[in-house]
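Morning, everyone. Please have a look at the model on the screen, and then I'll walk you through it.

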Amino acid sequence: ATQPYDSGNIFAKILRGEISAKTVYEDDYALAFHDIAPQAPHHVLVIPKGAYVSWDDLSARASDTEIAGFVRAVGHVAREAGLVGEGYRLLANVGQHGGQEVPHLHVHLFGGEPLGPMLS
Ligand code: 5GP
């Protein structure tokens, strides 16, 4: 089962404005900001505003409105960045085997160059 949400995680602090981030988009459901250690020319993280540990947690507990808002925000961020024509990659690490480091759901958006078969 998904672990309980820890409101002390770094992305919760970004949502509360306690630490800064280079924000690229915000609406009622999501916040998007540049990854601090980019692994591609364009590397943005999109997070839901709700307290969800992971994709598993969101898909199990969030309302349809929150899920739709979050999914739409991810698409919006990619379109606004001009990535749709050349393409891009979305990635959500879940839990220990997924290599998830920050326990607040985040979707990585990678682009700006051909990405190859996978990012490790
Ligand atoms: P995960 O491995 O959990 O999928 O990815 C966590 C991501 O968050 C990593 O790519 C890492 O560089 C990024 N990250 C960790 N701490 C911070 C931070 O304080 N600010 C920002 N903007 N990104 C962070």
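In which loop does His 106 lie? His 106 sits in the loop between α4 (95-98) and β5 (107-111). Helices here are DSSP runs of H or I with at least four residues, strands are E runs of at least two, and both are numbered from the N terminus.

Two quick notes. This is a predicted model: local features need pLDDT of at least 70, side-chain atom pairs count only at pLDDT 80 or more, and totals for chains, interfaces and linings use all residues. Residues are numbered from 1 along each chain as its sequence is written.

Back to His 106. An unreviewed UniProt entry lists His 106 under "active site". UniProt positions follow the numbering used here, feature names are shortened, and annotations may be inferred rather than shown by experiment.

Is His 106 buried or exposed? His 106 counts as buried because 24 C-beta neighbours fall inside 10 Å. The cut-offs: 20 or more other C-beta atoms within 10 Å is buried, 12 or fewer is exposed, in between is partly exposed, with C-beta atoms placed from the backbone. Leaving aside neighbours within four places in sequence, His 106 is in contact with Phe 11, Leu 45, Val 46 and Ile 47. Contact means C-beta atoms, placed from the backbone, within 7 Å.

Next, the sheet. It is an open sheet of five strands. The order is β1-β2-β3-β5-β4, with antiparallel pairing. Two strands pair if DSSP finds at least two bridges between them. Which strands stand at the edges? Those are β1 (23-26) and β4 (88-91); each has a single partner strand, so one side of each is left without a neighbour in the sheet. β1 pairs with β2 (residues 30-34) over three bridges, in the antiparallel sense. There, Glu 26 stands opposite Leu 31 in β2.

Now a helix joins in. α3 (residues 64-80) packs on the sheet and touches β1, β2, β3 (42-48), β4 and β5. The direction of α3 makes about 165° with that of β3. Axes are lines fitted to C-alpha atoms, for helices over the stretch in contact, and angles run from 0 to 180 degrees between N-to-C directions.

Last stop: Val 44, in strand β3. Val 44 counts as buried because it has 27 C-beta neighbours inside 10 Å. Beyond four places in sequence, its contacts include Val 24, Val 77 and Leu 109. Val 44 and Val 77 are 33 residues apart along the chain, yet their C-alpha atoms are separated by 8.7 Å.

Definitions and conventions. Contact = placed C-beta atoms within 7 Å.
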